[in-house]
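Please open the model in your viewer and keep the selection panel at hand. The tour begins at a metal site and then moves to a bound ligand.

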Amino acid sequence: AKQNGRNQYAFYFDELKRDSKRLLLLEAELRKAIQQKEFSIHYQPKISIEKQEIIGVEALVRWTSDKLGTVSPGEFIPYAEETGLIIPLSEVILEKVCMDIIEWRMKGISDIPVSINIAALHFQQDDFIERINTIVMQYNCSPQQLELELTERTVMKDSESIVKKLIKLKHMGFKISIDDFGTGYSSLSYLNRFPLNYLKIDSSFVKQITALKDKQAIVDCIILMAHRLHIKVVAEGVETKDQVKLLKEMDCDIIQGYYFSKPIPSTELLDFVELWEIHKQE
Ligand code: C2E
Ligand code: CA
Ligand code: CA
Ligand code: CA
């Protein structure tokens, strides 16, 4: 048993060493990747239920590192948030999105609204508005085409300064969404104080709506409440026809999920948009 114990210890120790090595490598690689801007952006279409139109896309960052291979945003985004690297990283992402928007425009595609994810730490910077505006103007993009996805947690505090920032962004033309709605345990009181365009119901609810009646009731209530406040509702992580059907019955406005498309590179998105138009005319 003693021998066994020591092996066990050796095993954990190896694992610990491996983890901390990976973390060190991750940090070094991430810093380098930000400097060299070696990220790409995928876009996931959002479809309006009623008119079946592509009403916009969500930009999602992708990273393949030489030394680590493909690293998912679920791993490197939280790490970037912890280390503050999220701020330069988000600026690289915004630049890439602006470049894609300009390319679409040059190809004669009518403007597709793009939503980008904004981390709490980034949003909290005093010069947040100035700096994103500088990038948007530099690339000749218009804030009207951009939507900022802020998580419930980011805006939860409902402080005067957050409200002011959101109102300013809205005046500049940016649209505002609340992401991952339903996961923040927040009070709903802030919803009518904020100038919101969209509320995104977290995929954890969507996954269970066809099986669990109480999840269905929650989603139903969220949609009702949002509509009272003139906010449109996006359901995230929609994968099946049954989910679409149920969400339609509940009067949900917009669907995003693998059911219609995974996040895809810019060039594939243009094909998707073209095919979608043909499909709609049929
Ligand atoms: P999120 O903002 O909630 O994004 C939705 C995630 O769900 C994306 O994962 C997307 O690929 C995935 N997804 C979409 N439809 C489906 C579906 O039908 N089924 C399933 N199972 N998944 C679906 P992804 O791209 O891995 O991103 C994970 C998270 O990382 C994002 O969650 C967001 O919090 C963060 N993230 C991704 N890109 C960025 C970025 O550019 N900036 C920032 N700050 N965060 C980002
Ligand atoms: Ca999002
Ligand atoms: Ca989300
Ligand atoms: Ca999420």
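Select Asp179 first: with a relative accessible area of 5% it counts as buried, a word that here means under 20%, with exposed meaning over 50% and partly exposed in between (1.4 Å probe, protein chains only). Asp180, by contrast, is partly exposed at 26%. This is a predicted model, in which local features need pLDDT of at least 70 and side-chain atom pairs count only at pLDDT 80 or more, while totals for chains, interfaces and linings use all residues. Residues are numbered from 1 along each chain as its sequence is written, chains are lettered from A and ligands numbered from 1 in the order in which they are written, and side-chain values use heavy atoms, with hydrogens and water left out.

Next, show the calcium ion (ligand 3), whose protein donors are Asp179 (OD), Asp180 (OD) and Glu236 (OE), the latter listed twice, at 2.3 to 2.6 Å; donors are N, O and S atoms within 2.8 Å of the metal (3.2 Å for Na, K and Ca), and sites may look incomplete because water is not among the atoms. Asp179 also coordinates the calcium ion (ligand 2), which lies 3.8 Å from the calcium ion (ligand 3).

Now move to ligand 1 and display the side chains of Gln44, Asn117 and Glu239. A polar side-chain atom of Gln44 is 3.0 Å from a nitrogen atom of ligand 1, one of Asn117 is 3.1 Å from an oxygen atom of the ligand, and a side-chain N or O atom of Glu239 is 2.5 Å from a ligand nitrogen.

Key
A polar contact is a pair of N or O atoms within 3.5 Å; within protein, one must be able to donate a hydrogen and the other to accept it, and residues adjacent in sequence count only if both atoms are side-chain atoms.
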